[in-house]
Structure formats: C-alpha cells, structure tokens
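Colleague: I would like to learn how to read a model like this one. Take me through it feature by feature, please.

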Amino acid sequence: MAYGGGFRGGDRREPREPRELFKATCSDCGKECEVPFKPTEGRPVYCRDCFRKHQPADGGRRGDRDRSRF
C-alpha cells in the first residue's frame, strides 16, 4: 500500500515570486538593510549580522521542549 502524503520535493514546486523587501536601519549598528517585512514603529529591526547576535543559543528552535509531551 502506497503512502500518498508528505511529498515536498523541490522539483514539483511552483517557483515563488520574489519577496518584497523594505528598507530599514538596524537598531543595533545603524547599518542600512532590507527586510522581508514592513518594519513596525517602536519595534527593533536588525541587520543579518546583528540578528544572529540576538538569537538564542539553540538557534530559536523549540523542538526539544515540544518533544517532552510525547
């Protein structure tokens, strides 16, 4: 019996349209950058380098915490 679900192969996907990028200024270093979302006033925006500095040590993954329920 063949299992019919879960195929996510790259060859069959439709190509995505390019994301709209918004210009922003990094809240840490002040460097100009582009982000894939419209920045919200009062919330920090980080360039790629500063964003990495602000990520948790586990890379922001929550999988370990969720597995404890199973």
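Modeller: Start with one residue. Lys 38 lies in the loop between β2 and α1. This is a predicted model, so every value here is computed from predicted coordinates.

Colleague: Is Lys 38 buried or exposed?

Modeller: Lys 38 is exposed, at 63% relative accessible area. Look also at what sits across from it in the fold. The C-alpha atoms of Lys 38 and Phe 22 are separated by 5.9 Å, with their positions 16 residues apart along the chain counted as the separation.

Colleague: What is the overall layout of helices and strands?

Modeller: The protein has two helices and two strands. Along the sequence the pattern reads β-β-α-α. Of the 70 residues, 11% are buried.

Colleague: How do β1 and β2 pair?

Modeller: They run antiparallel, with four bridges. For register, take Phe 22: it stands opposite Val 35 in β2. Then check the turn. Six residues lie between the strands of this hairpin, and Gly 30 takes a positive phi near 80 degrees.

Colleague: Which residues of β2 are on the covered face, and which on the uncovered one?

Modeller: The general idea comes first. In a regular strand, side chains alternate between the two faces of the sheet. Now the case here. Cys 33 and Val 35 form the covered face of β2. Glu 32 and Glu 34 form the uncovered face.

Colleague: Now the charges. How many salt bridges does a search of the whole structure find?

Modeller: Again, the principle first. Side chains of opposite charge can pair when their charged atoms come close. The search finds three salt bridges here.

Colleague: Which residue does Glu 34 pair with?

Modeller: Its partner is Lys 23, with the closest N and O atoms 3.5 Å apart. Glu 34 lies in strand β2 and Lys 23 in strand β1, so the pair ties together parts eleven residues apart in sequence. Glu 34 is partly exposed, at 45% relative accessible area. Lys 23 is exposed, at 65%.

Colleague: And which side chain meets Lys 31 in a salt bridge?

Modeller: That of Asp 49, at 3.6 Å from N to O. Asp 49 sits in helix α1, residues 48-54, while Lys 31 sits in the loop between β1 and β2, so this bridge ties together parts 18 residues apart in sequence. Both ends are partly exposed: Asp 49 has 41% relative accessibility, and Lys 31 has 40%.

Colleague: Where do Asp 49 and Arg 52 lie?

Modeller: Both are in helix α1, three residues apart, about one turn of the helix. Their side chains also meet in a salt bridge, 3.6 Å from N to O. Arg 52 counts as exposed, at 52% relative accessibility. Shared partners join Lys 31, Asp 49 and Arg 52 into one network.

Colleague: Next, the cysteines. How many disulfides does the search find?

Modeller: Zero, over the whole structure.

Colleague: Why is there no bond at Cys 47?

Modeller: Compare the sulfur distance with the cut-off. A disulfide needs the two sulfur atoms within 2.5 Å. For Cys 47 the closest cysteine sulfur is in Cys 50, 3.7 Å away, so it is too far for a bond. The sulfur of Cys 50 has its closest cysteine sulfur in Cys 26, also at 3.7 Å and too far for a bond. Cys 47 is buried, at 4% relative accessible area. Cys 50 is buried too, at 3%.

Colleague: Last, the empty space. How much lies in the largest pocket?

Modeller: The idea is simple. Rolling a probe the size of a water molecule over the atoms shows where empty space is left. Here the largest pocket holds about 230 Å³.

Colleague: Which residues line the largest pocket?

Modeller: The lining includes Leu 21, Val 35, Phe 37, Tyr 46 and Phe 51. Glu 34 and Cys 47 are also among the lining residues. β2 and α1 each supply at least two residues of the lining.

Colleague: How does the lining divide by class?

Modeller: Nine residues are nonpolar, none are polar and two are charged.

Notes
Residues numbered from 1 in each chain as written. Heavy atoms only, no water. Salt bridge = Lys/Arg side-chain N within 4 Å of Asp/Glu carboxyl O. Buried < 20%, exposed > 50% of the residue type's maximum accessible area, 1.4 Å probe, protein only. Pairing = 2+ DSSP bridges. 1 Å grid on protein atoms, 1.4 Å probe; cavity = no way out; pocket = protein on both sides within 12 Å on 5 of 7 lines; lining within 4 Å. Points joined across faces, edges and corners; volume = space filled by probe spheres on them. Nonpolar A, V, L, I, M, F, W, Y, C, P; charged D, E, K, R; others polar.
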